[in-house]
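This briefing addresses the protein surface next to one DNA strand, the packing of one helix and the state of the cysteines. Please consult the sequence and structure shown here alongside the points that follow.

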There are 2 protein chains.
Amino acid sequence: MNVDPIVFAKVLADETRQEIMGHLCCVWLSVGDVVDKLGGKVNQPTVSHHLKKLEEANLVLIRQEGRQRFYTLNQAQLTICCGTLMRAFAPNYADQVIAIEDIG
Amino acid sequence: MNVDPIVFAKVLADETRQEIMGHLCCVWLSVGDVVDKLGGKVNQPTVSHHLKKLEEANLVLIRQEGRQRFYTLNQAQLTICCGTLMRAFAPNYADQVIAIEDIG
DNA sequence: AAATTATATTGATGTCTATCAATATGTCAA
DNA sequence: TTGACATATTGATAGACATCAATATAATTT
């Protein structure tokens, strides 16, 4: 899938989006759930916008259920992207890290 | 040092800056050297601007020599930041990665 | 000291994007 | 089919930031 470090970094480079990612870590949430978790910080269209960005970067898994869409973090993809960054910008240390993309 | 994932991601989220990081990986270069490596893509003040951003994120090591300043990528810091991302957003995989901050 | 070289800073400008209000689309219930 | 609910899309706006030209600072040389 997509492992472009620029795309990856741009998606990460927003506070609200990282907050959403935190809430989606190890958990499936609907869009409305995410809106609630953010407690009025932003409203629904903004959350949808961020989820779309995450989807385009393949950083979320999606499951449709009735009229709701459930999202969770795609940890495997995130691991791959971090591995790409490591090999590009920290090759002296990357060798000492388990070949991450071989795990998932 | 600074391991704020937002700061880290924002610094990475620029194409020119990642290009500069690539040139500074495993190599010490002066500001003028970096300008040359970019082959006219941007000019010197812009390079200085990017290097300052990298410095603020502790992502470069700096050595002054005469009137030149030499920069190289801080691979240890980059490794730590990737580790922080992994623990925050891919905890299911982070355990399978060597405790990175214990290396350097 | 004056000139030259290397890098940093400042101010202006254009582009990108996060955000919102409003609306559209899609799905289920009655 | 109509209404209600969940999410997505659109258009507008404001703030952030990459870039440049011009200038300042700092270090070396003559």
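In this predicted model, H4(A) gives the most to the surface near DNA strand C, contributing five residues. In total, 25 residues surround the strand. The class breakdown of this surface is 11 polar, nine charged and five nonpolar residues.

**Surface near DNA strand C**

- The closest residues to DNA strand C are His50(A) from chain A and, from chain B, Gln44(B), Ser48(B), Arg69(B) and Tyr71(B).
- Of the atoms of DNA strand C that come within 4 Å of the protein, 70% belong to sugar and phosphate.

**Polar contacts to phosphate oxygens**

- The side chain of Tyr71(B) places an N or O atom 2.7 Å from a phosphate oxygen of DNA strand C.
- For Gly32(B), a polar backbone atom is 2.9 Å from a phosphate oxygen of the strand.
- On chain A, an N or O atom in the side chain of His49(A) is 3.4 Å from a phosphate oxygen of DNA strand C.
- Two or more residues each come from helix H2 (15-23) and helix H4 (44-56) of chain A, and from helix H3 (31-37), helix H4 (44-56) and strand S3 (68-73) of chain B.

**Helix H1 of chain B**

- Helix H1 of chain B spans residues 5-12, and its buried residues include Ile6(B), Phe8(B), Ala9(B), Val11(B) and Leu12(B).
- Within chain B, the buried residues of H1(B) pack against helix H2 (15-23), H4 and helix H5 (75-89).
- These buried residues also pack against elements of chain A, namely helix H1 (5-12), H2 and helix H5 (75-89).
- At the start of H1(B), the backbone nitrogen of Ile6(B) has a side-chain oxygen of Asp4(B) within 3.0 Å.

**Cysteines**

- Why does the structure hold zero disulfides over all chains? In chain A, the cysteine sulfur closest to that of Cys81(A) is in Cys82(A), and a bond is ruled out because the separation of 7.1 Å is too far.
- In chain B, the sulfur of Cys81(B) is likewise 7.1 Å from the closest cysteine sulfur, that of Cys82(B), which is too far for a bond; a disulfide requires the two sulfur atoms to be within 2.5 Å.
- Cys81(A) is buried, with a relative accessible area of 3%, and Cys81(B) is buried at 4%.

Conventions: Residues numbered from 1 in each chain as written. Chains lettered and ligands numbered in written order. Predicted model: local features only at pLDDT ≥ 70, side-chain atom pairs only at ≥ 80, totals over all residues. Heavy atoms only, no water. Near = heavy atom within 4 Å. Polar contact = N/O pair within 3.5 Å; in protein donor to acceptor, adjacent residues only side chain to side chain. Helix = DSSP H or I, 4+ residues; strand = E, 2+ residues; numbered from the N terminus. Nonpolar A, V, L, I, M, F, W, Y, C, P; charged D, E, K, R; others polar. Buried < 20%, exposed > 50% of the residue type's maximum accessible area, 1.4 Å probe, protein only. Contact = heavy atoms within 4.5 Å.
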